[in-house]
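This briefing introduces a single protein chain to a reader who has not met it before. Please keep the sequence and the structure in view while reading the points below.

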Amino acid sequence: MGIHRLNHAVLYVSDLARSVAFYRDVLGFRPVAMTPDGFRGATFLQAPDSTNDHDLGLFEIGAAAGRSTAGRATVGLYHLAWEVDTLDELAATAERLAAAGALVGTSDHGTTKSLYGQDPDGLEFEVVWLIPADLLDDAALAARKQIGRLDLDAERQRYGGQTRGGVGISVPA
């Protein structure tokens with residue numbers, strides 16, 4: 001089985017309208033008309049620059065549903081990671097997440113620069129920019145073994161805010 005990428009994720013949410021608004025307004029996902037006729041309580045969304053049929057399915061299970069306890073009291077998925085093309089887009093995403101009260105952390109993983117967020121149900125996700133293969137150096141590769149503080153301004157000065165990330169890694173060269 002030759003898996004080469006994640007096609008979509010499906011999340012259970014407590015309030016569908018609230019979750020759709022979050023993913024649309026904060027992360028730029030757009031609803032796509034593909035919910036089966038007569039099926040209620042689900043919305044499918046596509047990421048801004050995606051060519052996937054859909055990237056995210058949201059299924060409402062109701063207001064009585066508790067927040068996820070995965071990793072604290074139960075097994076389960078910790079987070080999904082979505083990749084952005086540029087450090088400028090990562091910085092803009094950080095601003096939108098912070099304005100929504102949804103930015104819960106940032107990290108420099110050497111070869112990747114990451115934001116961590118939580119949706120309205122407390123489901124965590126990561127938004128990441130990857131250093132392109134031709135710009136990887138020994139320092140970035142060595143830093144993968146530690147988690148550092150992310151300084152987006154310094155990273156934009158170093159790599160350029162509009163440098164396309166992931167080229168030669170997650171994006172064909």
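UniProt positions are given here in the numbering used for this chain, and such annotations may be inferred rather than shown by experiment. With that understood, an unreviewed UniProt entry places the feature "domain: VOC" at residues 5–130. The model discussed here is a predicted one.

**Overall organisation**

- Across residues 5–130, 18% of the chain is helix and 34% is strand.
- The C-alpha atoms at the two ends of the stretch 5–130 are 15 Å apart.
- The domain assignment of the protein chain gives two parts, domain 1 (9–60) and domain 2 (80–159).
- Between the C-alpha centres of domain 1 and domain 2 the distance is 23 Å.
- The contact takes 15 residues from domain 1 and 14 residues from domain 2.
- About 1100 Å² is buried between domain 1 and domain 2, and 69% of this area is on carbon and sulfur atoms.
- Three residues, Phe22, Val26 and Leu27, supply 43% of the area that domain 1 buries against domain 2, which is more than any other three residues supply.

**Helix 1**

- Helix 1 spans residues 16–25, and its buried residues are Leu16, Ser19, Val20, Phe22 and Tyr23.
- Seen down the axis, these buried residues fall within an arc of 160 degrees, so they line one face of helix 1.
- An α-helix has 3.6 residues a turn, so residues three or four places apart point the same way.
- Ala17 and Asp25 are exposed on the other side of helix 1.
- At the start of helix 1, Asp15 brings a side-chain oxygen to within 3.2 Å of the backbone nitrogen of Ala17.
- Phe22 thus appears twice in this account: Phe22 is buried in helix 1, and Phe22 is one of the three residues named for the area that domain 1 buries against domain 2.

**Helix 4 and its surroundings**

- Helix 4 covers residues 152–159 and includes Glu155.
- The buried residues of helix 4 are Leu152, Glu155 and Tyr159.
- They cover an arc of only 60 degrees around the axis, which puts them on the same side of helix 4.
- These buried residues pack against helix 2 (87–99), strand 6 (103–108), strand 7 (112–118), strand 8 (124–130) and helix 3 (138–142).
- Glu155 counts as buried because its relative accessibility is 8%, below the 20% cut-off for a buried residue.
- Setting aside residues up to four places away in sequence, Glu155 touches Leu87, Asp108, Lys113, Leu150 and Gly160.
- At the N-terminal end, helix 4 is capped by Asp151, a side-chain oxygen of which lies 3.3 Å from the backbone nitrogen of Asp153.
- Gly160, just after helix 4, takes a positive phi of about 90 degrees.

**Buried positions elsewhere**

- Ala94 lies in helix 2 and counts as buried at 13% relative accessibility.
- Leaving out residues up to four places away in sequence, Ala94 touches Leu103, Leu115 and Leu152.
- Ala94 and Val127 are 33 residues apart in sequence, and their C-alpha atoms are 8.9 Å apart.
- Gly57 is in strand 4 and counts as buried, at 0% relative accessibility.
- With residues up to four places away in sequence not counted, Gly57 touches Ala9, Val10, Leu11, Thr43 and Phe44.
- From Gly57 to Leu97, 40 residues apart in sequence, the C-alpha to C-alpha distance is 20 Å.
- Gly110 is placed in the loop between strand 6 and strand 7 and is buried, with a relative accessible area of 3%.
- Residues that Gly110 touches, not counting those up to four places away in sequence, are Ile131, Ala140, Ala143 and Arg144.
- Gly110 and Ala143 are separated by 33 residues in sequence but by 4.3 Å in space, C-alpha to C-alpha.

**An exposed loop position**

- Val75 belongs to the loop between strand 4 (56–60) and strand 5 (79–83).
- Val75 counts as exposed, at 81% relative accessibility.
- The C-alpha atoms of Val75 and Asn7 are 23 Å apart, and the two residues are 68 residues apart along the chain.

Note on methods
Residues are numbered from 1 along each chain as its sequence is written. This is a predicted model: local features need pLDDT of at least 70, side-chain atom pairs count only at pLDDT 80 or more; totals for chains, interfaces and linings use all residues. Side-chain values use heavy atoms; hydrogens and water are left out. Helices (H or I, at least four residues) and strands (E, at least two) are DSSP runs, numbered from the N terminus. Buried means under 20% relative accessible area, exposed over 50%, partly exposed in between (1.4 Å probe, protein chains only). Contact means heavy atoms within 4.5 Å. The arc is that of the directions from the helix axis to the C-beta atoms. A polar contact is a pair of N or O atoms within 3.5 Å; within protein, one must be able to donate a hydrogen and the other to accept it, and residues adjacent in sequence count only if both atoms are side-chain atoms. Domain bounds come from an automatic or database domain assignment. Buried area is the accessible area (1.4 Å probe) that two parts lose on being put together, summed over both.
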